[in-house]
Each structure stands twice: as structure tokens, then as C-alpha cells.
Amino acid sequence: MRLLRTFARYNVWAHERLLASVAALSDEAYHGHQNLPFRSIHGTLNHILLAEKLLLGRLHPPAADPSLGRNWDRADSELYAAPGAASIYWEEIVPNRACLADELVDHARRLAAHVDTIPSSDTVIAYQTTDGCSAEKAAGVLVLHAVNHATHHRGQVSAVLAQLKLPPPIMDLSYFPHA
């Protein structure tokens, strides 16, 4: 559990570092088509947020947002951005850039706080998948999945920052001050 708590707190720290870096971008670069699967940096950050909301709803059912299933249903038909697409569903989840940054960090903090309440990484969590099937996974696997998923997409955004000639933030776990 100590390692899971470290990863959950690392996720908050890495989000904060990435958001500080993307804050330097113009709205055009931030919202523009960057050849990312979710079109823009904004779409990618919204994707991370929605996935983390879904995970927290699985770990802590009273926190579940009933609209999440509908959000994923829509996303399935519009999962990735087409080349040259002017917009994509993911960009609409939280349309305001500042609000998205605040919500992403706030939600990561809520996830980290909830991890503190999990008795064991082996605690089995029963949940519904986005397609309505019943599933069970260990809480530790779900938490690590959330952090790994976010790390993957933060890496995509970091690559775009480098292409835009901005230094990507250092987000390696070994630099996390609480590791």
C-alpha cells in the first residue's frame, strides 16, 4: 500500500509539472491539432481526466458520476481524432483550459486521498465496465492502471512540447521528492 500511495501522489505531482509546462503555450498551440490521438493537448488532458474519474468511481462507488458511462459510449464512436479534424469529443468534456487544469489536479488529489483509505492492494473491487459487463480487479491493479495510463498520455504531451521547441517537464518517478 505504501507503494500505491507513492504512485497516487506522484500522479498529482506529475500532473502539476505538466500543466505548468503547457501553461506557456498559446491557445492556438494548446487547442490546435497536434497529431495526438485525442487531437489536441486539451483533448488529451480531458481524456486523462475522464479516465481518472471513471477509475475513482470504480474504487469508490459513492463517488461515481452516473454520466461517465454515457461519456464513454459517445467516446467509443469518436475515440481518436481524424487527420485534420477541427474538433473531437474529448475537447468538450471540460471546455475551459483553466477549469480543466484545476479539475485534473483536484481529481488526482481526490484519488490519492482515496488510496489512503484502501485497506490492501489486494482488495477486490467489483465494477461495471464501460460496455456494461461485470468485472473484478484488485484495487492495486486499478490504481496502477490509472497512474500508468496518465503517464502514457503525459509522455505524448511532452513529445508535442519538444516538437514546439519547449522543454518538456521532468516527470520521472526518480525525481518525485516523496519517492
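**Figure 1. D116 and R5 meet in a salt bridge.** In this predicted model, D116 counts as partly exposed, with a relative accessibility of 34%. Its partner R5 is also partly exposed, at 27%. Their side chains form a salt bridge, with N and O 3.4 Å apart. D116 sits in the loop between helix 5 and strand 1 (124–128), while R5 belongs to helix 1 (residues 2–22), so this pair ties together parts that lie 111 residues apart in sequence. A search of the whole structure turns up seven salt bridges, and the next two views show others.

**Figure 2. K53 pairs with E103.** Here the closest N and O atoms of the salt bridge are 2.6 Å apart. K53 comes from helix 3 (residues 41–59) and E103 from helix 5, so the pair links parts 50 residues apart in sequence. Are the two partners buried or partly exposed? K53 is buried, because its relative accessible area is 19% and the cut-off for buried is under 20%. E103, at 25% relative accessibility, counts as partly exposed. As general background, side chains of opposite charge can pair when their charged atoms come close.

**Figure 3. D106 and R110 form a salt bridge within helix 5.** Both residues lie in helix 5, four residues apart, which is about one turn of the helix. The closest N and O atoms of this salt bridge are 3.8 Å apart. D106 is partly exposed at 39% relative accessibility, and R110 is partly exposed at 40%. Elsewhere, salt bridges with shared partners join R5, R9 and D116 into one network.

**Figure 4. The largest nonpolar core has 44 residues.** Which residues have the most contacts inside this core? They are V22, I41, L45 and L59. Helix 1, helix 2 (27–31), helix 3, helix 5, strand 1 and helix 6 (139–163) each supply at least two residues of the core. Helix 1 gives the largest share, ten residues. In soluble globular proteins, nonpolar side chains tend to be buried together.

**Figure 5. I41 and the residues it touches.** Leaving aside residues up to four places away in sequence, I41 touches V22, L25, A29, Y30, L36, V157 and V160. One of these, V22, is listed with I41 among the residues that have the most contacts inside the largest core. There is also a second, separate core of six residues, including F38, L50, A81 and W90.

**Figure 6. I93 in a loop.** Where does I93 sit? I93 is in the loop between helix 4 (68–77) and helix 5 (97–115). I93 is partly exposed, with a relative accessible area of 24%. Its contacts, not counting residues up to four places away in sequence, are N46 and L50. L50 is one of the residues of the second core. I93 and H42 are 51 residues apart in sequence, and their C-alpha atoms are 9.8 Å apart in space.

**Figure 7. The setting for these views: six helices and two strands.** Along the sequence, the chain follows the pattern α-α-α-α-α-β-β-α. Of its 179 residues, 47% are buried. Among contacts between residues at least 6 apart in sequence, 71% join residues at least 24 apart. The chain exposes about 8900 Å², with carbon and sulfur atoms supplying 55% of this area.

Methods. Residues are numbered from 1 along each chain as its sequence is written. This is a predicted model: local features need pLDDT of at least 70, side-chain atom pairs count only at pLDDT 80 or more; totals for chains, interfaces and linings use all residues. Side-chain values use heavy atoms; hydrogens and water are left out. Buried means under 20% relative accessible area, exposed over 50%, partly exposed in between (1.4 Å probe, protein chains only). Contact means heavy atoms within 4.5 Å. Accessible areas come from the Shrake-Rupley method with a 1.4 Å probe; for residues, only the protein chains shown count as cover. A salt bridge is a side-chain nitrogen of Lys or Arg within 4 Å of a carboxyl oxygen of Asp or Glu. A nonpolar core is a set of buried Ala, Val, Leu, Ile, Met, Phe, Trp, Tyr and Cys residues joined through side-chain atoms within 4.5 Å.
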